[in-house]
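Trainee: I am new to this structure and should be grateful for a close look at a single part of it. Please choose the part, describe it in detail and then set it among its surroundings.

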Amino acid sequence: MFCFTICFTYLLGLYYLFHLLTCSVLSVSVPPERVIVYNALGQSLTPGPLPPVAVGADVVLSCVAIGGRPKPTTQWYIDSIRAPSSEGVLRMERLRRQSLHANVTCSASNTVLAPPVYSNFTVNLY
């Protein structure tokens, strides 16, 4: 029994020594809480139908992610197709009749481990 105790204590000591000599990095990701979308005038928009604009008009929308670490990236989608945007800003130029009722979505994420947060809008024309 005495021999077992000494051997076990020795092995346990080596185990802890090994862990002291190794270094582990723990990185923690905090997903974004929500996104806020602003129009060209800087007014925040409520998800749902966008304010009506004339056919041929331009629409500029800005997407801002709230919270999250590391900083989330934002992406725009029009009818589920990724739209080109720059730094969270979507520019829809010279809207045509075909854009009526298009679904516009802003999503933000910072990790594949959590689903993105998003906000949906519908294009409204007159």
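Mentor: I shall describe the stretch that begins at the end of one strand and runs into the loop after it, and then turn to the disulfide, the pockets and two further loops.

The model is predicted, so local features are reported at pLDDT of at least 70 and side-chain atom pairs at pLDDT 80 or more, while totals for chains, interfaces and linings use all residues. Residues are numbered from 1 along each chain as its sequence is written, and side-chain values use heavy atoms, with hydrogens and water left out.

First, the frame. The chain holds one helix and nine strands, which are DSSP runs numbered from the N terminus (helices H or I, at least four residues; strands E, at least two). Read from the N terminus, the order is α-β-β-β-β-β-β-β-β-β. Of the 126 residues in the chain, 25% are buried; buried means under 20% relative accessible area, exposed over 50%, and partly exposed in between, with a 1.4 Å probe and protein chains only. Contacts are heavy atoms within 4.5 Å. Among contacts in the chain with a separation of 6 or more, 69% are made by residues 24 or more positions apart.

The close look centres on N110. This residue lies in the loop between β8 and β9, the latter covering residues 117–122. N110 counts as buried because its relative accessibility is 18%. Leaving aside residues up to four places away in sequence, N110 touches V30, P31, P32, G68, R69, P70, K71 and P72. Two of these neighbours also pair with N110 through polar atoms. The N110 side chain reaches the backbone oxygen of V30 at 2.8 Å, and a polar atom of that side chain lies 2.9 Å from the backbone oxygen of P70. Polar contacts of this kind are pairs of N or O atoms within 3.5 Å, where one atom must be able to donate a hydrogen and the other to accept it, and residues adjacent in sequence count only if both atoms are side-chain atoms.

P70 itself deserves attention. It sits in the loop between β4 and β5. The peptide bond that joins R69 and P70 is cis, with omega about 0°.

The residue after N110 is placed in a similar way. T111 also belongs to the loop between β8 and β9. T111 is buried, as its relative accessible area is 17%. The side chain of T111 reaches the backbone nitrogen of L113 at 3.1 Å.

Next comes the disulfide. The structure holds one disulfide, a term that here means a pair of cysteine sulfur atoms within 2.5 Å. It joins C63 to C106, with S to S at 1.6 Å. C63 lies in β4 (residues 59–66) and C106 in β8 (residues 103–109), so the pair ties together parts that are 43 residues apart in sequence. The torsion about the S-S bond is about -65°, and the disulfide is therefore left-handed. Both C63 and C106 are buried.

The pockets follow. A pocket is an open set of points on a 1 Å grid where a 1.4 Å probe fits, with protein on both sides within 12 Å along at least five of seven lines; lining residues have an atom within 4 Å of a point. The largest pocket has a volume of about 230 Å³, volume being the space filled by probe spheres set on the points. It is lined by 15 residues, and P72, T73, T74, E87 and G88 are the closest to its centre. β4, β5 (73–78) and β6 (81–83) each give two or more residues to this lining. P72 is thus found beside this pocket centre and also among the residues that N110 touches.

The second largest pocket holds about 180 Å³ of space. Its lining also has 15 residues, with N39, P51, V53, V59 and L61 nearest the centre. β4, which carries C63, gives the most to this lining, with three residues.

Two further loops complete the picture. D79, in the loop between β5 and β6, has phi near 50°, a positive value in a residue other than glycine. With 44% relative accessibility, D79 counts as partly exposed. R94, in the loop between β7 (89–92) and β8, likewise has positive phi, near 45°. R94 is exposed, with a relative accessible area of 60%.
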